[in-house]
Structures are given as structure tokens and as C-alpha cells.
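Q: I'd like a close look at one part of this predicted model, with a bit of context around it. Please take it slowly and keep it connected.

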Amino acid sequence: MKNHTDVLIVSQNEVPSFGYLCRSVTNSSDGRRELEVRAAPSRKRSGMEIFMNEFSRRHPAVLFLYYLLVLFLTMFAVHPAALAASFGGAFLFYLAENGVKTAMKDLAYYCGVFLLLAVLNPIFSHNGETVLFFMNDRPVTMEAILYGAAMAAMIVSVIFWCKCYQTVLTTDKVLYLFGKTVPRLSLVLSMSLRFFPLLKEQAGRIGKAQKAMGMYAKDSLTDRLLFHVRLFDSLLTWMLENAVETADSMKARGYGLKGRSHFSLFRFEKRDGTLLGAMGILTLGTGAAAIGGMYRFHYYPGISAMQTGLWAVASDLLLVLLFLLPFLIDVKEKILWKISLR
Amino acid sequence: MENQLAVKHLTFSYGEETKKALDDVSFSVKKGEFVVVSGRSGCGKTTLFRLLKRELAPAGVKEGEIFFEGTPQEALSDRQAAADIGFVLQNPESQIVMDKVWHELAFGLENLGEPVSVIRRRVGEMANYFGIHQWFHKKTADLSGGQKQMLNLASVLLMRPKLLILDEPTAQMDPIAASDFIATLKKLNQEFGMTVLLCEHRLEEVLPAAHRVILMERGKIVMDTAPGQVSAGLKQMEEKKDPLVPVLLQSMPGAVRIFYQYDCPGPGPLTVREGKEFLAAHFDCRIKSLPAEEGKTFEEKEKAISLKNVWFRYEREQPDILRGASLEAAKGEIVSILGGNGSGKTTLLHVIAGLQKPHRGSVQIGGKKISAYKNGSLYRQNLSLLPQDPQTLFIKETVREDFLEAAKLVWKTPKDCQEQIRKVAELLELTPFLERHPYDLSGGEQQKAALGKILLLRPEILLLDEPTKGLDAWAKQGLIRLMKQLSDQGITLLLVSHDVEFCAEVSHRCGLFFDGTVISLDQPQVFFSENTFYTTAASRISREQFHQAVTCGQVSALCKENGFLR
């Protein structure tokens with residue numbers, strides 16, 4: 001093997017050719033130029049590492065806090081501006097994570113859900129001053145319609161936040177977050193997460209093997225039922241048997257020694273601190289605005305008037321910024337990436 | 001050099017049994033030594049290995065002593081016992097604890113309470129060395145068998161053991177992954193001086209890498225010598241009329257088996273290269289081929305299995321696994337299909353067994369379209385499948401009950417059933433195990449019990465998926481005899497396997513499965529002598545001297561014909 005210390009790299013430019021990266025290097029010991037060739041990294045994203053958007057790469061604790069904050073604000077918000085900001089933030093983030101095509105398809109679907117939910121309220125609730133028309137001798141009010149729309153917007157926003165949640169806070173991050181407080185739980189969770197796919201696979205194998213033996217292979221209902229009882233029985237034995245060996249493997253590697261530590265791949269970086277800071281400032285700002293009555297709003301008996309003026313705009317802007325944080329972070333990274341490629 | 005491990009007069013018997021699992025075993029392993037332990041399944045290897053690792057020691061009556069670096073095993077601290085002796089078990093799957101690869105690697109170090117910074121560095125270094133960095137973030141359930149076992153090895157090595165014990169680590173792996181694994185062990189031993197104690201059935205690649213080989217039988221050490229001296233050792237045993245010689249010889253590499261009869265100064269040949277040199281130096285080789293055997297012909301016979309241009313995929317969006325596969329097997333014929341892991345061999349069997357429906361092409365069983373069999377009639381004394389994992393067949397508490405369940409499908413009276421069970425158990429040498437729980441049997445015995453259950457169904461066509469997985473060489477010979485016997489009774493056998501040596505000996509025809517089709521289906525002599533890489537050790541040794549000699553038996557016979565030159 002060539003000693004890497006006595007190779008001087010004269011050209012940083014790597015030339016890709018036939019799947020290899022080539023560059024010319026000069027051997028410092030005898031001054032000869034050589035061509036260094038190494039395999040080019042595969043461009044294929046073969047599921048080795050699940051691709052994550054920029055926001056999702058932040059520290060799990062920060063992400064978790066953000067989610068708590070956003071869900072809390074959305075669920076208790078009544079102000080139309082807050083709801084609009086929450087929905088906008090959730091949808092744009094979903095779009096950044098999943099692409100335009102999926103997002104638009106989902107948007108169409110949830111528009112339907114929104115309408116359905118919005119219509120439900122005026123059917124059951126007849127409060128409000130402004131009667132629009134009568135249906136079955138009952139008044140349908142504008143306030144009830146608008147309140148229904150607001151509630152529907154809230155629910156749809158929460159759904160979109162939760163849809164993003166799956167990609168942002170994956171199981172290993174959740175495990176990391178609660179592993180320290182409840183160590184046993186995190187181990188058990190991790191083990192069961194590993195076990196379920198195995199169980200499913202084994203169930204498929206047993207099913208095939210038993211079927212090919214001609215046991216309960218008739219098409220009748222009783223046979224099919226009995227077949228599943230047997231399948232479950234066999235699966236149980238297999239599971240217990242395997243658990244013994246897994247326990248052996250754990251013991252062999254010193255499980256049960258005193259002072260177990262916890263390893264994770266996550267590191268709290270500067271950018272996590274920055275995000276946390278931004279979140280803190282925005283939360284304080286909105287809190288102050290809320291105390292100042294900037295988000296005060298009611299639907300019954302009549303729709304309250306919107307606050308106007310500079311302060312009102314500023315406090316709305318704070319909310320928009322807070323909800324748009326994930327989207328902005330993703331977009332900023334995408335733009336920076338494009339620029340860096342030039 | 002200092003002893004890493006010393007075992008003195010170790011005798012062990014499991015609680016309820018009076019039979020000794022280990023009988024006065026004494027040996028020692030020096031620091032940096034690579035020692036291979038081999039023997040038939042059930043010879044006590046696993047019991048011995050487990051006793052060496054305190055945490056895994058089975059319950060029973062133990063006499064004698066085990067010393068680790070001069071300290072008695074009992075006196076080791078818990079931490080030392082866990083970290084200094086690394087143990088890799090047989091099943092790659094069930095040893096893995098965590099759901100992510102990186103977490104699995106860290107598991108042992110977490111147990112030892114190492115700080116996060118230390119774990120991060122060690123895990124990173126190890127992942128790099130083993131090439132794990134490419135699948136570092138993957139789920140452990142998504143790895144291949146070879147990767148899983150490599151991960152198990154890496155997670156044990158992360159704890160920096162001084163002695164590495166491996167109990168048949170490659171038994172569940174395909175030959176290519178197994179050979180990678182052995183190469184890694186060899187490298188660990190040579191480049192890092194790691195002391196390795198390995199138990200293996202497949203000695204072809206292990207023996208040349210080892211410093212010493214220990215052969216066991218019935219709980220006793222029968223030989224403890226350098227690999228080159230094994231041949232000489234066996235000869236000494238033969239002079240004493242030891243009945244074990246053929247058993248032990250069977251598990252040896254091809255070169256040892258072929259040249260066992262001939263005296264040779266110095267160490268005997270172990271590898272294919274040494275075998276080639278030996279053959280060239282000591283034989284004249286005028287006679288190139290054996291007289292043509294009175295081979296069975298199946299051309300005229302009725303077709304038991306017939307596949308024509310079969311295409312199959314699991315999901316519509318996924319690529320095809322079978323791409324125009326065609327295959328025919330006559331009644332009473334043994335056909336083997338060889339191929340790498342994940343090439344779709346098992347899928348091929350499942351399509352033939354009617355478990356998967358092809359989207360194009362025709363499958364005929366016994367001259368009848370497979371879709372014409374209704375209500376499971378395909379499996380009524382007609383076609384049976386021996387799955388890769390024998391455990392998937394067992395449902396009951398004992399082997400006998402499992403057998404009875406199968407027998408009831410064919411025979412009406414209990415007397416007939418018991419009679420058939422007795423016959424099958426005798427045929428497979430399973431009589432002592434009939435009252436045991438199927439999961440309590442060893443891997444090889446489980447395989448035999450699964451085959452027994454299938455045979456009780458009286459199939460006309462038998463499909464076998466990797467039948468030699470986990471079997472020792474001796475059991476393989478038994479399986480070859482049994483399969484030939486079944487073939488003589490007119491039963492058609494179709495097997496998929498990557499065991500080249502086994503297929504060469506058992507089959508009437510062999511084919512290679514590649515790119516979704518069966519290519520180059522031919523008689524084993526032709527098939528293996530045409531191949532340069534995918535072929536038997538005997539063929540590789542003799543291809544320059546002899547014509548179409550592909551099994552150790554054929555090469556030995558030709559050597560005998562030619563006569564030994566000194």
C-alpha cells in the first residue's frame with residue numbers, strides 16, 4: 001500500500017470518468033507524477049441514509065420543543081391570522097419535504113375535509129347575530145359558518161403538522177429524547193422496533209411452509225381460520241426461542257453490568273442554538289403581544305373587529321415568522337446549495 | 001508464548017442426562033493463535049464453547065477447570081468476563097438486539113458504561129474498518145445475512161476482546177459471504193494478533209488459515225494437531241482401526257480427501273493450489289477419464305415439472321424476478337439449480353409450489369396445469385416443499401406429534417401412521433429424538449426432522465430449498481444417499497442450493513440460475529468442468545490433468561487408475 005503522507009496533491013480537480021474520479025498527484029519522494037484513481041461515490045440514493053431536509057437535521061430536543069410550541073399555538077388559536085399562519089407554515093413545510101406533486105394532491109383532499117368540517121358547525125350551532133337564511137326553520141348564522149371554518153382550519157393545520165412530524169421526529173430521535181429519562185423503556189422500544197419487521201417476515205415464511213404442506217389448505221372458512229390459529233401458535237414458539245438467543249447475545253456483551261451509558265449520534269451544534277434562540281425570541285414576542293391583547297378575537301355573539309395599526313401587523317408578523325421557520329430553513333438551505341454548486 | 005486460554009480435564013453433563021456432553025477435555029490456546037474446532041454436529045463443540053464464556057455457560061454438572069490468562073474463570077470480574085472474551089453465535093439474526101446498525105455497534109460499549117465521546121470514536125473507527133459506514137444508518141432488519149454476521153463480529157470486536165470465540169458463524173451464510181467472513185477472521189488474526197477459537201463445518205477455507213485444528217467426537221478430543229498433519233493423524237487412527245476415520249475425513253477439504261491414501265513427505269496438501277501441485281508431481285495421468293457410467297436417462301420419461309417462459313414479480317411496479325424461466329424435470333430425476341443469494345432461486349421454487357402466481361408463462365405439475373389443482377389437491381401426495389428454515393414446519397410439542405399430524409393426512413388408521421413414523425424415523429436416524437421438542441434439536445437434526453415430516457406426506461415431487469444449510473459433511477452424505485434412494489423410487493427432486501460440492505454429487509442435472517432464468521442446464525460432469533469459478537474443489541484441482549472429474553470420488557478413482565509415483 002502507498003503511504004499517503006508522501007503523496008503531494010498538486011491538483012485538487014478531480015475528473016470523473018467511467019465512474020471513477022481521477023486526479024494527478026506528485027510523489028514527493030521521487031517527484032514522479034502519478035494518476036490517483038478512486039471509485040466515484042454512487043449518485044444513487046439507495047436508502048442507505050434516509051434523505052432529510054435541513055430542518056429535520058436539527059437536534060431532536062429543539063425539534064421536539066418546536067413541535068410542542070406549534071401544536072399548542074395552533075390548538076388554542078382563535079385569531080384568523082394565527083390560523084392562517086399555522087396552516088400556511090404547515091403546508092409550505094409539507095411541500096418542501098414532499099414535493100409539489102404530493103403536496104397538491106393532499107391539498108385537494110384536505111380541501112374536501114376542510115369544507116366538510118366547516119359545514120358541520122352551522123348545522124349544529126345556531127348562535128350568532130347575523131342570520132343568513134333559515135334551514136328547516138332553524139337559523140344559519142354567518143358567525144357559526146366562520147367559527148366552523150376556523151375550527152376546520154385548525155384541524156387541517158394540525159393534520160399537516162403531524163404529517164410532517166413523521167419525517168421530522170423519527171423513532172430514533174424519540175428514543176434518544178426519552179432514553180435518558182426512562183432508559184429501560186428506550187431499550188425495550190428499540191428492541192421491539194427491530195422485532196416487528198422480523199415477526200412479520202417469519203409469519204410470511206411459516207404461512208408459505210404450512211400451505212405447501214397441504215395443512216388446512218382448503219378454501220373453506222374454517223380451514224382458513226384454523227390455519228391462522230396454527231400460524232399464531234408457531235410464531236409464538238419461534239419468538240420465545242429467538243428471544244433466548246437474543247438474551248444470550250446481550251449477556252455475552254455485558255448487559256446488566258452497573259453504570260450503563262447512552263450513546264447517540266446527535267450533537268447539539270451552534271445552529272441548533274441559533275434556532276432555539278430564534279424560537280425563544282419569537283415566543284416571547286408573541287407572548288407579549290398576546291398579553292397586550294393583540295390576538296384577542298371572538299366569533300359569538302358577533303365577529304369582533306380586527307385590531308389594526310402597526311402593532312397589530314407586527315404581532316401578526318411574529319406569528320407568521322414562527323410558523324414559517326421550518327419552511328424558511330429548508331428553502332434557505334436549498335438556495336445555498338444551488339449557489340454552492342455554481 | 002503465554003496461554004490465552006487453558007482447559008484442564010473438563011467434564012460436563014446436562015442436569016437430567018447421565019451421558020457426558022464433554023468427557024475429560026484438555027487443551028490450551030496460545031496468544032495470537034488461530035484454532036479451529038471441528039466435528040460432527042452433536043459432538044459437544046457448542047457445549048464446550050459455551051462453557052468457555054461464563055455468561056453463556058449451560059446449567060449442568062461441571063468438573064475440571066478453565067483458565068483465562070492464567071486466572072480461573074470463576075475469579076474473573078464481571079467486566080473482564082464480558083469484555084475480554086468475545087463470543088459470536090451461530091444465528092446472525094437472533095443475536096442482533098437494536099433496530100439501527102449504529103446503535104447495535106454501540107450496545108456493548110453502552111453496557112460497559114463508556115462515555116459517549118469514547119463510543120463515538122471507537123464505533124467510527126470500527127465501522128470504517130469493516131466497511132460498515134455504508135450502511136451505518138440502516139435498520140438491522142434490512143441487512144443481508146452476511147452483513148448481519150459482519151455486524152455481530154464488529155459489535156463484539158468493539159469491546160476489544162482478547163479472545164474471540166465463534167460458534168459456527170458461517171453456518172447460515174452463502175459461500176461467498178462465508179468466505180468473506182473467514183477472510184476477515186484471518187486478517188484479524190494475522191494483522192492484529194487476535195486469538196481466534198473457531199468452530200466450523202466447512203473446512204475448505206478455514207484449515208489453510210488455522211494454526212491448529214482440534215477434532216472432536218462424542219465429547220472427546222480425538223485429534224489436536226497442525227492442519228498439515230491432519231492427514232497423517234487420520235492415517236494413524238486408521239491403523240488402529242478407528243471407525244471414526246471416514247466420518248472425520250468427510251469434513252476435510254477436497255485436497256485432503258483426494259490425497260489421503262497417498263504418503264507424501266512433509267505436510268499434506270490443503271488448498272487447491274497445493275492439491276494441483278501434488279497431482280502434477282505424483283501422478284502420471286495417462287488415463288484422462290473414467291469409463292462412462294451407465295447413467296440414467298430421463299429423455300423419454302414423463303415430465304413431472306414443466307415450466308415454460310415464466311415471468312414473475314412481487315409488485316406491479318417492481319422489476320421481474322423470473323424473466324422467462326423455463327425448466328423441465330422428468331419423473332425420478334434429481335435437478336439442482338445453483339445461484340447466488342438473492343438471485344430469485346427461492347422465488348422459482350415458490351412459483352413451482354403454487355405459492356406465487358406468475359403473470360406470464362405456464363407451470364405444469366405432473367402434466368397438469370397448476371391452476372387446475374383446487375382446494376390444496378396440489379399438495380395431496382403430489383408436491384411438497386422443504387423450506388429453507390426448517391422451524392417454519394414445526395407446530396407441535398414433540399417431533400412425534402409433528403410427524404403424526406403429517407402422517408394422518410395420508411394414512412387412515414393410527415396403526416399405519418405409527419408404522420410409517422417409525423420407518424421414516426429409522427431412515428433418517430431420528431428415533432432417539434422423537435419425543436423431544438423440535439426446537440431443542442440441533443440445526444442439522446431440525447433439518448432432518450423437517451425432511452421427515454415432508455416425507456410422511458408421500459410426495460411424488462419434492463422441492464428442496466437449501467437442504468444442506470447447517471448440515472455437517474457427514475449428514476450431507478446421508479442426505480445424498482437418501483435423495484438417491486428417493487429418486488430410485490420414482491420421486492422427482494428439485495433443489496436450489498449454493499452448495500457446489502453437494503450438487504455435484506447428488507444431481508442428475510445441474511443448472512445455473514442467473515438474471516431470472518435457468519441457464520446452462522447440464523449433467524454435473526459437463527456443468528462443473530465447463531465452469532471455471534462456480535465449480536467444485538475437485539474439479540479445480542484436477543481440470544488440467546483429467547477430463548470431467550468433478551467429485552472427490554471421481555478424482556480419487558482416476559488417481560488410483562493412474563497409479564502413484566513417488
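How many helices and strands does chain A have, and how do helix H1 and helix H4 of chain A meet?

A: Chain A has nine helices and six strands. Since this is a predicted model, let's start with confidence. Chain A averages a pLDDT of 80, with 84% of its residues at 70 or more. The low end is strand S1 of chain A (residues 7–9), with a mean of 34, while the high end is helix H8 of chain A (residues 270–291), at 93. Residues 1–50 of chain A have a pLDDT below 50, although in the model that stretch still has 68 contacts beyond near neighbours in sequence.

A little more background on the chain before zooming in. Of the 342 residues in chain A, 37% are buried. Take the contacts in chain A with a separation of 6 or more, and 61% of them come from residues 24 or more positions apart.

Now for the helix pair. H1(A) covers residues 60–76 and H4(A) covers residues 142–168; their axes come within 10 Å of each other and cross at roughly 170°. An angle over 145 degrees counts as roughly antiparallel, so that's how H1(A) and H4(A) run relative to each other.

Who's touching whom? On the H1(A) side you'll find Leu63(A), Tyr66(A), Tyr67(A), Val70(A), Leu71(A), Thr74(A) and Met75(A). Across from them, H4(A) brings Met154(A), Ser157(A), Val158(A), Trp161(A), Cys164(A), Tyr165(A) and Val168(A). Sort the residues of this contact by type and you get 12 nonpolar, two polar and no charged.

One residue on the H4(A) side deserves a second glance: Cys164(A), which is part of the contact with H1(A). Is Cys164(A) buried or exposed? It's buried, with a relative accessible area of 1%. As for a disulfide, the count over all chains comes to zero. For Cys164(A), the nearest cysteine sulfur belongs to Cys162(A) and sits 9.0 Å away. A disulfide would need the two sulfur atoms within 2.5 Å, so this pair doesn't make one.

So, back to your helix pair: H1(A) and H4(A) are roughly antiparallel, their contact residues include 12 nonpolar ones, and Cys164(A) in H4(A) is one of the residues that meet H1(A).

Key
Residues numbered from 1 in each chain as written. Chains lettered and ligands numbered in written order. Predicted model: local features only at pLDDT ≥ 70, side-chain atom pairs only at ≥ 80, totals over all residues. Heavy atoms only, no water. Axes fitted to C-alpha atoms, helices over the stretch in contact; angles between N-to-C directions. Helix = DSSP H or I, 4+ residues; strand = E, 2+ residues; numbered from the N terminus. Parallel < 35°, antiparallel > 145°, perpendicular 65-115°, else oblique. Contact = heavy atoms within 4.5 Å. Nonpolar A, V, L, I, M, F, W, Y, C, P; charged D, E, K, R; others polar. Buried < 20%, exposed > 50% of the residue type's maximum accessible area, 1.4 Å probe, protein only. pLDDT = per-residue confidence, 0-100.
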